Amino acid sequence: MSGGLRFAYGTNGFAHHRLDDALAVLADLGYDGVALTLDAGHLDPYAPDLARRTRRVAARLDALGLRAVVETGGRYVLDPRRKHRPTLLDPPEEAARRVDLLARAVRVASDLGAEAVSFWSGTAPEGLPEQAAWDRLAKGIEPVLAEAERYGTPLGFEPEPGMFVRDIAGFERLRALLGGPAALGMTLDVGHCRCLEPEPVPDCVRRAGPHLVNVQIEDMRRGVHEHLEFGEGEIDFPPVLAALAEVGYRGLVGVELPRHGHAAPAVAERSLAFLRRARKESARAV
């Protein structure tokens, strides 16, 4: 599409597809890009020949006309027994593995020409004092920031329900703690705003606007962290898309439906049709 919001789809919603096939399906449907989760089945960051495989994916994206952001939320990419562990909040010797993954993601993103690398805090170990958790998180992010600055790749920190940094206020506190680095932006998940933020979703977009480098989108209900197809939750989307346009957001808006892989092509097709209709409605409302 020319100008305006650009829509992407998360490869974690195509977990049963080969990456090449998933990219082809999404390009054929008319998506502008992908949110590529580095994981065992899709550009495994710990399999041999990462640089060569990354170049191949970059060429594939280019041939299909797809842009990308890199996501780092693979459930068992670091530990086959513990989901999303270790985190940046674990003891330093364990957290180093998460730091390594994020640094690899920055280098992969650079080689792909990706627009951002998205990551989150994870949960804090039981019994860890709050201030110690903030300190560990900041210390873990610092080397990743250095790598991002070296490669010129923006980082998008995502507040996540149930994790240590769960909301926009938490992101703002973290960014201030780190001294407001230019390389640290925000990934905003629209559904999370409905789930737990005190403000209406469009106001969340406006609050996050100055820091946005990545947006995830799906439907959701108040108080329930469940990623739903559009129309199954409580979000009115045209005002959300209008708010994204209002703040001048130019990054990808990626559909985040990781539990819908059993019907991925059909869900992706429905999602794009819905977002295009919502975009038209948002434009008429301006």
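# Exercises on a predicted protein model

With 286 residues, a compact globule would have a radius of gyration near 19 Å, and the protein chain, at 18 Å, agrees with that value. The model used in these exercises is a predicted one.

## Exercise 1: The chain as a whole

Describe the overall make-up of the protein chain: how many helices and strands does the protein chain have, and what share of its residues counts as buried?

Solution. Begin with the secondary structure, where the protein chain has nine helices and 10 strands. Next take the extent of the C-alpha trace, which spans about 50 × 45 × 35 Å along its principal axes. Then turn to burial: a residue counts as buried when its relative accessible area is under 20%, and 54% of the 286 residues fall into that class. The surface that the protein chain exposes comes to about 12,300 Å², of which carbon and sulfur atoms supply 48%. Among contacts with a separation of 6 or more, 76% are accounted for by residues 24 or more positions apart. Finally, the mean positions of the 36 positive and 41 negative charges lie 3 Å apart.

## Exercise 2: The surroundings of His192

Work out where His192 sits, whether His192 is buried or exposed, and which side chain makes a polar contact with the side chain of His192.

Solution. First locate the residue: His192 belongs to helix α6, which covers residues 190-196. With a relative accessible area of 4%, His192 is buried, because the value lies under the 20% limit. The side chain of His192 makes a polar contact of 3.1 Å with the side chain of His225. Leaving aside neighbours within four places in sequence, the contacts of His192 include Glu158, Glu160, Glu218, His225 and His227.

Now follow one of these partners, Glu160, which lies in the loop between β5 (155-157) and α5 (168-177). Glu160 is buried too, with a relative accessible area of 12%. Beyond its neighbours within four places in sequence, Glu160 is in contact with Trp120, Val165, Arg166, His192 and His225. Glu160 and Asp189 are 29 residues apart in sequence, while their C-alpha atoms are 8.2 Å apart in space.

## Exercise 3: Two residues of strand β9

Consider His227 and Leu228: in which strand is His227 found, and which residue is joined to His227 by a polar contact between side chains?

Solution. His227 is found in strand β9, and Leu228 has its place in strand β9 (residues 224-228) as well. His227 is buried, with a relative accessible area of 17%, and Leu228 is buried with a value of 6%. The side chain of His227 is joined to that of Glu218 by a polar contact of 3.2 Å, and the side chain of His227 also reaches the backbone oxygen of Glu256 at 2.9 Å. Not counting residues up to four places away in sequence, His227 touches several residues, including Asp189, His192, Met220 and His260. With that sequence limit, Leu228 touches Glu218, Asp219, Met220, Arg221, Gly233 and Leu257. As for distance, Leu228 and Ala114 are 114 residues apart in sequence and 26 Å apart in space, C-alpha to C-alpha.

## Exercise 4: Backbone geometry

Find where the peptide bond to Pro86 begins and what its omega is, and examine the phi values of Leu43 and His84.

Solution. Start from the general expectation that most residues other than glycine have a negative phi and that most peptide bonds are trans. The bond from Arg85 to Pro86 is cis, with omega near -5°, and Pro86 is found in the loop between β3 (67-71) and α3 (92-112). His84 is found in the loop between β3 and α3, and has a positive phi of about 60° although it is not a glycine. Leu43, in the loop between β2 (33-37) and α2 (50-64), has a phi near 55°. Both are buried, as the relative accessible area is 8% for Leu43 and 19% for His84.

## Exercise 5: Buried residues in two helices

List the buried residues of helix α1 and of helix α8, and state which residue just after each helix takes a positive phi.

Solution. In helix α1 (residues 19-29), the buried residues are Leu19, Ala22, Leu23, Ala24, Leu26 and Ala27. An α-helix has 3.6 residues a turn, so residues three or four places apart point the same way. Just after α1, Gly30 takes a positive phi of about 110°. In helix α8 (residues 237-246), Phe237, Pro238, Val240, Leu241, Ala243 and Leu244 are buried, and just after α8 Gly248 takes a positive phi of about 80°.

Terms used: Residues numbered from 1 in each chain as written. Predicted model: local features only at pLDDT ≥ 70, side-chain atom pairs only at ≥ 80, totals over all residues. Heavy atoms only, no water. Helix = DSSP H or I, 4+ residues; strand = E, 2+ residues; numbered from the N terminus. Rg over C-alpha atoms; globule rule 2.2 N^0.38 Å. Buried < 20%, exposed > 50% of the residue type's maximum accessible area, 1.4 Å probe, protein only. Contact = heavy atoms within 4.5 Å. Areas by Shrake-Rupley, 256 points an atom, 1.4 Å probe, with all protein chains shown as cover. Lys, Arg positive; Asp, Glu negative; His and termini not counted. Charge placed at Lys NZ, Arg CZ, Asp CG, Glu CD. Polar contact = N/O pair within 3.5 Å; in protein donor to acceptor, adjacent residues only side chain to side chain.
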